[in-house]
Every structure is written in C-alpha cells, then in structure tokens.
Amino acid sequence: MREVLAQAAFQLFLERGFERTTVDDIVARAGVGRRSFFRYFPSKEDAVFPDHERCLAEMTEFLAAADDGDPVGAVSDAARIVLRMYAANPEFSVQRYRLTREVPGLRTYELSVVRRYEQTLAGHLRSRYGADGDGALRAEVIAASVVAAHNNGLRLWLRSGGEGDPEVAVDHALALVREVWGRPTAPATPTAPAAPEASVVTAAPLAVSGGGDGDGEVVVMVARKGTPMWRVVQQIESAVGEN
C-alpha cells in the first residue's frame with residue numbers, strides 16, 4: 001500500500017504539479033481513504049521520498065555492525081547504501097530530482113533528510129573519536145565531507161538523466177575524503193608557548209643583482225595566521241620608523 005500511494009502521488013505531481021495536488025487527489029487515484037494515506041505518510045511531501053526511512057534504518061544497522069578499525073571507510077560505505085537506493089530506480093530518481101528543483105518546499109524537505117543521514121554518520125564517528133572537543137569536531141567534519149562527496153557524485157549522475165554508472169563519480173569523491181581523513185589521528189603534542197600576534201626582526205639583505213653596498217637591512221615580518229591586517233601594518237611601520 002505504501003508503494004501504491006507513493007506511485008499515485010508522484011504521478012499526480014508530474015501531471016498537475018506538486019502544489020495543485022491534494023491528499024484527496026492522491027487517495028482517489030490510489031482507491032483508498034485518507035486514513036490509509038496518513039497511516040503511511042505524515043504529509044504529501046513524505047510521499048515524494050518514500051524510501052528514505054528504510055534506507056536510514058539500513059544505514060544505522062550497517063554502522064552498528066561496522067568494524068572499529070576504519071571509521072572513515074565505514075561511513076563512506078554507509079553512504080553508498082543511499083547511492084544504491086537511488087540507482088535501483090533511475091527513472092524515478094531522475095524525475096524526483098527534477099521535481100525537487102522546481103518546488104522549494106520539497107528542496108527544503110530533502111535537505112532535512114540529508115541532515116538526518118549526516119547526523120547518523122556523525123553519531124557513529126563520535127562513538128569512535130569521542131563525543132567532546134576535537135573528537136566531536138572531527139566526527140562532524142568527516143560526516144559533512146562524506147555527505148558532500150556522495151551528493152556531488154550522485155547529482156552529476158542525476159543531472160545526466162541517470163546515464164552510466166553512478167558509482168564511478170561517487171567512489172572518486174569518497175576516495176578523496178578517505179585520502180584526507182583516513183589517516184590515523186595524530187597523538188597529542190605539548191602545546192608550545194603562545195607567540196605574539198606579530199613581530200618584526202631584521203636581517204642582512206639577500207644579494208642584489210647588479211651590485212650594491214650590502215649595508216641595508218631587510219625587514220622580515222613574522223605573524224600568526226589570522227593576525228588583523230592593521231596590526232601587521234602597524235608593526236612594519238614601527239620597525240621601518242625605528243630603523
């Protein structure tokens with residue numbers, strides 16, 4: 001019944017447009033009552049994405065059984081579950097992609113679905129890296145990277161009309177994520193004393209083409225990343241004035 005309702009809804013969305021299609025229209029096309037519709041879908045937006053709840057449950061189950069040795073590999077493989085769901089029905093996936101581009105409300109709904117996938121991946125990574133501090137930050141960043149890489153490859157395939165093998169682009173994108181984040185976490189090192197925002201030192205000049213007396217000085221600026229430009233200029237002007 002869930003599939004029947006989803007199919008009826010999507011046919012009507014394509015024929016009449018999403019906004020002009022009501023729940024009454026959907027249940028009339030499916031030959032059931034309104035109660036049957038709301039038993040399966042809280043709203044007509046949910047009928048556009050009937051497979052994501054199942055896919056999310058499969059992803060959660062997969063991660064629960066994943067090996068602890070390669071967390072980045074595990075979340076990358078989990079993302080491929082979503083890809084296979086799209087690839088199983090290319091025609092529907094391409095039509096849905098085009099529909100979501102046309103209806104802002106569906107785009108917003110899709111983003112909320114994507115966020116749930118990202119949170120699931122991040123939750124798995126936090127259980128490996130830690131739920132606080134840099135461990136939590138690392139988990140969030142890697143999860144976001146995996147989702148972005150997966151979606152980049154997937155959308156290339158959808159924009160092509162579902163031509164070719166979608167796994168090629170997705171695998172390439174996920175390989176970049178694993179290359180950057182798949183390395184073991186470096187052990188903590190003692191914190192060096194804080195350096196000043198900016199400082200100026202002088203040194204003998206480099207050799208000057210064409211000669212020169214070599215008596216001048218070169219001003220070398222040493223600044224911490226993120227130092228305000230006004231502070232850099234202030235230090236240089238001070239050093240030049242002093243010299």
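**Exercise 1. The largest pocket**

Find the residues nearest the centre of the largest pocket in this predicted model, then describe how its lining is built.

*Solution.* Start at the centre of the pocket: Glu-3, Pro-50, Asp-51, Asn-89 and Phe-92 lie nearest to it, out of 17 lining residues. Next, ask which helices contribute. Helix 1 (2-16) and helix 7 (90-102) each supply at least two residues of the lining. Helix 1 gives the most, with seven residues. Then sort the lining by residue class: seven are nonpolar, five polar and five charged. Finally, add the volume of this pocket, which is about 490 Å³.

**Exercise 2. The largest cavity**

Work out how many cavities of 30 Å³ or more the structure holds, and say which residues are closest to the centre of the largest cavity.

*Solution.* Begin with the count: there is one cavity of 30 Å³ or more. The volume of the largest cavity is about 200 Å³. Its lining has 18 residues, and Val-82, Val-114, His-150, Asn-151 and Leu-154 are the closest to the centre. Now trace the lining back to the helices. Helix 5, helix 6, helix 8 and helix 9 each supply at least two residues, and helix 9 gives the most, with seven. By class, the lining of the cavity holds 13 nonpolar, three polar and two charged residues.

**Exercise 3. A histidine at the cavity**

Take His-150 and decide whether this residue is buried or exposed, then list what His-150 touches.

*Solution.* First, place the residue: His-150 sits in helix 9, which spans residues 133-159. Second, look at accessibility. The relative accessibility of His-150 is 4%, so this residue counts as buried; the cut-off for buried is under 20%. Third, turn to the neighbours. Leaving out residues up to four places away in sequence, His-150 touches Ala-79, Val-82, Leu-83, Val-170 and Leu-174. To finish, link this back to the previous exercise: Val-82 and His-150 are both among the residues closest to the centre of the largest cavity.

**Exercise 4. Two helix pairs**

Classify how helix 5 packs against helix 8, and how helix 6 is set against helix 7.

*Solution.* Take helix 5 (residues 52-64) and helix 8 (residues 104-129) to begin with: their axes are 11 Å apart, and the packing angle is about 10°. Helix 5 is therefore roughly parallel to helix 8, as angles under 35 degrees count that way. On the helix 5 side the contact is made by His-52, Glu-53, Cys-55, Leu-56, Met-59, Thr-60 and Leu-63, which meet Val-113, Arg-116, Tyr-117, Thr-120, Leu-121, His-124 and Arg-128 of helix 8. Seven residues of this contact are nonpolar, four are polar and three are charged.

Now for the other pair. The axes of helix 6 (residues 71-87) and helix 7 come within 7 Å and cross at roughly 100°. These two helices are therefore roughly perpendicular to each other, since that label covers 65 to 115 degrees. Met-85, Tyr-86 and Ala-87 of helix 6 meet Pro-90, Ser-93 and Arg-96 of helix 7. The contact of helix 6 with helix 7 has four nonpolar residues, one polar and one charged.

**Exercise 5. The whole chain**

Step back and summarise the secondary structure of the chain.

*Solution.* Count the elements: the chain has eleven helices and two strands. Write them in sequence order and the pattern is α-α-α-α-α-α-α-α-α-α-β-β-α. Of the 243 residues, 36% are buried. Lastly, consider contacts with a separation of 6 or more: 62% of them join residues 24 or more positions apart.

Technical notes
Residues numbered from 1 in each chain as written. Predicted model: local features only at pLDDT ≥ 70, side-chain atom pairs only at ≥ 80, totals over all residues. Heavy atoms only, no water. Axes fitted to C-alpha atoms, helices over the stretch in contact; angles between N-to-C directions. Helix = DSSP H or I, 4+ residues; strand = E, 2+ residues; numbered from the N terminus. Parallel < 35°, antiparallel > 145°, perpendicular 65-115°, else oblique. Contact = heavy atoms within 4.5 Å. Nonpolar A, V, L, I, M, F, W, Y, C, P; charged D, E, K, R; others polar. Buried < 20%, exposed > 50% of the residue type's maximum accessible area, 1.4 Å probe, protein only. 1 Å grid on protein atoms, 1.4 Å probe; cavity = no way out; pocket = protein on both sides within 12 Å on 5 of 7 lines; lining within 4 Å. Points joined across faces, edges and corners; volume = space filled by probe spheres on them.
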